[in-house]
Amino acid sequence: MERPDSNINYEDAINYWSNVPPTVDGVLGGYGPQTPVPSQDVHGSMHFVRKLKSRMVPAQGMSRWSVDIGAGIGRVTRDFLSKISDKVDLVEPVKPFVEQARVQLEPLAQSGKLGTIYDVGMQDWVPENGKYWLIWCQWCVGHLPDEEFVKFLKRCIQGLQPNGTIVVKENNTTGEDDFDPQDSSITRSDEKFRALFSQAGLKLIATERQKGMPKELYPVRIYALKPQQSEQPAQSEHHT
């Protein structure tokens with residue numbers, strides 16, 4: 001039987017998103033500022049990261065440099081990542097979104113918090129070795145087939161600082177993976193995500209379901225991941 005992820009086509013996805021208005025309502029599929037989704041989303045992410053504070057201490061002398069994967073128009077960078085990071089890079093292949101992000105994130109650029117905007121797809125992005133304190137992937141990895149997703153995660157591991165963290169925030173199906181022909185993406189089950197993380201050499205250090213989302217939407221789950229062999233022992237987190 002054909003696997004749902006074998007139908008993914010990058011070009012179809014780019015074409016679809018290039019024709020979506022570069023607004024919060026557009027990137028969230030109609031769940032813009034008039035709905036609870038944007039504020040609940042940021043609140044949930046902030047709450048999740050706060051609970052992980054002691055496990056996300058930057059290595060000595062390293063800054064809190066984050067990257068927003070599948071960044072869209074920069075909503076997550078502006079409303080969330082810029083508030084917990086020293087600097088944020090973005091990865092986004094859809095040209096109209098990149099242009100809008102540059103406009104929207106101008107205040108961050110002025111304050112020195114905006115890093116580089118890489119206008120490439122996740123499948124082509126190669127992070128600089130050891131650069132990132134946090135790699136944040138939200139509502140985007142459904143555009144990668146399973147095998148490419150595992151390769152992407154392995155590249156992300158290379159891009160982490162010592163004690164760095166990868167977070168994946170995505171919709172979950174309750175059964176089989178579900179292919180959406182409209183934007184050429186798949187929605188994976190919780191079990192599938194866990195299996196792919198493990199395959200990539202990552203261990204799950206925390207996970208929770210996002211609260212406050214409209215009932216008709218897929219459940220959204222946040223996963224915090226670290227390389228299987230890397231986490232520093234707890235006592236090294238308390239340098240004076």
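Me: Contact here means that heavy atoms lie within 4.5 Å of each other. With that in mind, which residues does Gln-138 touch, not counting residues up to four places away in sequence?

Reply: In this predicted model, Gln-138 touches Asp-41, Ser-45, Ile-69, Gly-70, Arg-75, Val-76, Lys-169 and Glu-170, when residues up to four places away in sequence are not counted. Gln-138 itself has its place in strand β4, which covers residues 132–138.

Me: What makes the pair Gln-138 and Asp-41 a polar contact?

Reply: The side chains of Gln-138 and Asp-41 are joined at 2.8 Å, and a polar contact requires N or O atoms within 3.5 Å, so the pair meets that distance limit.

Me: Why is Gln-138 called buried or exposed?

Reply: The relative accessibility of Gln-138 is 5%, and buried means under 20%, so Gln-138 counts as buried.

Me: Gly-70 is one of the residues that Gln-138 touches; where does Gly-70 lie, and is Gly-70 buried or partly exposed?

Reply: Gly-70 lies in the loop between β1 (65–69) and α4. Its relative accessibility is 25%, which falls between the 20% limit for buried and the 50% limit for exposed, and therefore Gly-70 counts as partly exposed. Leaving aside residues up to four places away in sequence, Gly-70 touches Val-91, Glu-92, Gln-138 and Cys-140.

Me: Which residues does UniProt list for "binding site"?

Reply: The UniProt entry, which is unreviewed, lists Gly-70, Arg-75, Met-122, Gln-123 and Gln-138 under that heading. Of these, the lining of the largest pocket in the model includes Gly-70, Arg-75, Met-122, Gln-123 and Gln-138.

Me: How do you know on which side of α5 its buried residues lie?

Reply: The buried residues of helix α5 (residues 95–104) are Phe-97, Val-98, Ala-101 and Gln-104. They cover an arc of only 130° around the axis, and therefore they sit on the same side of α5. The face turned away from that buried side carries Glu-99 and Val-103, which are exposed, whereas the buried residues pack against several elements, including α1 (10–18), α4 (75–84) and β3 (114–118).

Me: What puts the buried residues of α8 on the same side of that helix?

Reply: In helix α8 (residues 190–199), the buried residues are Asp-190, Phe-193, Leu-196 and Phe-197. Because they cover an arc of only 130° around the axis, they are placed on the same side of α8. On the other side, Glu-191 and Gln-199 are exposed. The buried residues of α8 pack against, among others, α7 (146–159), β5 (160–173) and β9 (220–227).

Me: What is notable about the phi of Trp-139 and of Asn-163?

Reply: Most residues other than glycine have a negative phi. Trp-139, however, has a positive phi near 50°, and Asn-163, which is not a glycine either, has a positive phi of about 65°. Trp-139 lies in the loop between β4 and α7, and at 26% relative accessibility it counts as partly exposed. Asn-163 lies in strand β5, and its 3% relative accessibility is under the 20% limit, so Asn-163 counts as buried.

Me: How confident is the predictor over the chain, and where is the pLDDT below 50?

Reply: The mean pLDDT of the chain is 94, and 95% of its residues reach 70 or more. Over residues 233–240, however, the pLDDT is below 50, and beyond near neighbours in sequence this stretch has five contacts in the model.

Terms used: Residues are numbered from 1 along each chain as its sequence is written. This is a predicted model: local features need pLDDT of at least 70, side-chain atom pairs count only at pLDDT 80 or more; totals for chains, interfaces and linings use all residues. Side-chain values use heavy atoms; hydrogens and water are left out. Buried means under 20% relative accessible area, exposed over 50%, partly exposed in between (1.4 Å probe, protein chains only). Helices (H or I, at least four residues) and strands (E, at least two) are DSSP runs, numbered from the N terminus. The arc is that of the directions from the helix axis to the C-beta atoms. pLDDT is the predictor's confidence in each residue, from 0 to 100. UniProt positions are given in the numbering used here, feature names are shortened, and annotations may be inferred rather than shown by experiment. On a 1 Å grid over the protein atoms alone, a cavity is a set of points where a 1.4 Å probe fits but cannot get out, and a pocket is an open set with protein on both sides within 12 Å along at least five of seven lines; lining residues have an atom within 4 Å of a point. A polar contact is a pair of N or O atoms within 3.5 Å; within protein, one must be able to donate a hydrogen and the other to accept it, and residues adjacent in sequence count only if both atoms are side-chain atoms.
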